[in-house]
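Open your viewer and set it to a plain cartoon. We will go from the whole chain to single residues, one selection at a time.

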Amino acid sequence: MAKRIRFNAFSMNCAGHQSPGLWTHRDDRSAQYTDLEYWSELAQLLERGKFDSIFLADVLGAYDVYGGSPEHAFRQGLQIPVNDPLLVLPAMAQVTKHLGLAVTCSVIYEHPYSFARRMSTLDHLSKGRVGWNVVSSFLDSAARNFGMKQQIDHDRRYDVADEYMEVCYKLWEGSWESDAVVRDRKRKIFTEPHKVHGICHAGEHYNVPGFHLCEPSPQRTPVLFQAGASRRGREFAARHAECIFIGGPSKIHLKRFIDQVRERAAELGRNPSDILFLKAQSIVVAETEAEAKAKYRALREHVSYEGTLTLVSGWTGIDFARYRPEDELNYVQTNAGQGTLEYLTSGDSSKKWTLRNMADWLGVGGGSIVGSPEQVADSLQEWIEETGLDGFNLTYALAHDSFKDIVELVVPELQRRGVYRRDYERATLRENLFNQTAYLPDTHPGAAFRNLA
Ligand SMILES: Cc1cc2nc3c(=O)[nH]c(=O)nc-3n(C[C@H](O)[C@H](O)[C@H](O)COP(=O)(O)O)c2cc1C
């Protein structure tokens, strides 16, 4: 039987997310990101298309590596101005019933004690539909505004992240027993005090002696998303992640990545099928191939070469303004993100990437699949079958037109082929993703912190 395909929508609380320049297209709505209706309409559209979730990216600094200045990012609206992603979640939760709502928060710039409360609150308000994309950040411009000279070293950021996770697991999983809150009017007891436990965490980076401030939410721990792809990032993912976002043009690279992470997860005592892999993907689809190609050509006219390099310079920490479009891309280890360059420079060794090729490939939301609904469905199924992927993290070229096209043209084709859900099966995000319990599975490392009594 063909494998089921999952869709997640990738967006950000700003105008220029992954498609530099396309906000200038007359049909793009992303400049309206400051309106609540922009988000509630998007959530309703995605739920109509039975997407698993929407995931909002976030950064806490400007992309100022390209040309050594944030000028290009400002001019092009590239991930700046950028609003807080958490605050639009309740608006989306209110107008939907099933769509998962995942948000990016960096472990470097926020204390786990207050963060854990915000996520529990969102999980309560959404009735168990929250996910957290755990990132350790890549921009020095963010670090400087939090009082540091520069970012903590790359691998060390993941060490901080490991301890951050431990604090969160203790708060979410162990601090409150399931029957601690009784709301007993007769006995005049809201919470049984002996069923709430301080977590007594004393570590290298955090000291949290007390208890979680929230009663257990439907999922307790939000569904854990992760997207770091470096060697250390993969180790972190194998240990903690339930959904992994990956990028890259090479099926060989992707398959190797997926096999390695699943193998490592098994070594760590996890069930490898408790991890889903979703590839970042742009889709340009129309009723016919000719129309889709024409649409793609029109979109390409709005793509900004400098804008694309501004993004990649930020991700990788390399100032691409110093190179010519025909210069070849080589792997260099930096203290920013390491996964992006790795996936562009490894995999199919026959393919050498120049800056121009890379900008072309990323331009319309990243490695676009262009075609009729049948062609797009064929291509998606090929990726799934040849790499072991579970689904796609879909970027948009035009907000919200790209998602509307996918919902109206691609989803019905996949449903016809029997590889896409016709309706949501369960209540919480974790149940819908894994068809198991709303809580972390027992083999997940977070489950080890359940009994703190
Ligand atoms: C699809 C995708 C989405 C990402 N979204 C974010 C984000 O919103 N915010 C962020 O700080 N990093 C984001 N990242 C970056 C990674 O989470 C990670 O912190 C970065 O790649 C450095 O990790 P690495 O060196 O292990 O690759 C994303 C990466 C990918 C592939």
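Select all C-alpha atoms: for 453 residues a compact globule would have a radius of gyration near 22 Å, and the chain agrees because it has 22 Å. That radius is taken over C-alpha atoms, and the globule rule is 2.2 Å times the number of residues to the power 0.38. Along the principal axes, the C-alpha atoms fill a box of roughly 70 × 50 × 45 Å.

Two notes before you zoom in. The model is predicted, with local features needing pLDDT of at least 70 and side-chain atom pairs counting only at pLDDT 80 or more, while totals for chains, interfaces and linings use all residues. Residue numbers start from 1 along each chain as its sequence is written.

Colour by secondary structure next, and you have 15 helices and 13 strands. These are DSSP runs numbered from the N terminus, helices being H or I with at least four residues and strands E with at least two. Of the 453 residues, 51% count as buried. Buried stands for 20 or more other C-beta atoms within 10 Å of a residue's own, exposed for 12 or fewer, and partly exposed for anything in between, with C-beta atoms placed from the backbone. Among contacts with a separation of 6 or more, 77% are between residues 24 or more positions apart; a contact needs C-beta atoms, placed from the backbone, within 7 Å.

**The ligand**

Select the ligand and its surroundings. Which residues are closest? They are Ala57, Gly228, Gly233, Gly337 and Gly339, out of 21 that surround the ligand. A residue counts as near if its C-beta atom, placed from the backbone, lies within 6 Å. The shell has eight nonpolar, twelve polar and one charged residues. In this scheme Ala, Val, Leu, Ile, Met, Phe, Trp, Tyr, Cys and Pro are nonpolar, Asp, Glu, Lys and Arg are charged, and the others, Gly among them, are polar.

**Helix α14**

Now select residues 401–416, which form helix α14. Its 16 residues reach 22 Å from first C-alpha to last, close to the 22 Å expected at 1.5 Å a residue; the expected span is 1.5 Å times one less than the number of residues. Look at Val407, where α14 bends by about 35°, the angle between axes fitted to the seven residues ending there and the seven starting there. Val407 is also buried, as are Ser402, Phe403, Asp405, Ile406, Val410, Val411 and Leu414. Show what covers these buried residues, including β1 (6–12), α1 (36–48) and β11 (276–285).

Check both ends of the helix too. Before α14, in the loop from β13, sits His400, and the peptide bond from Ala399 to His400 is cis, with omega near -10°. After α14 comes Gly418, with a positive phi near 75°.

**Single residues**

Jump to Leu309 in helix α10 (residues 305–316). Leu309 has 26 other C-beta atoms within 10 Å, so it is buried. Leaving aside neighbours within four places in sequence, Leu309 is in contact with Tyr66, Phe320, Ala321, Leu355 and Ala359.

Another cis peptide bond joins Ile80 and Pro81, with omega about 0°; find Pro81 in the loop between α2 (71–76) and α3 (89–94).

Finish with two positive phi values outside glycine. Ser137 has phi near 70° and is buried, with 23 other C-beta atoms within 10 Å. Lys188 has phi of about 60°, but is exposed, with 6 such atoms within 10 Å.

How values were computed
Two residues are in contact if their C-beta atoms, placed from the backbone, lie within 7 Å.
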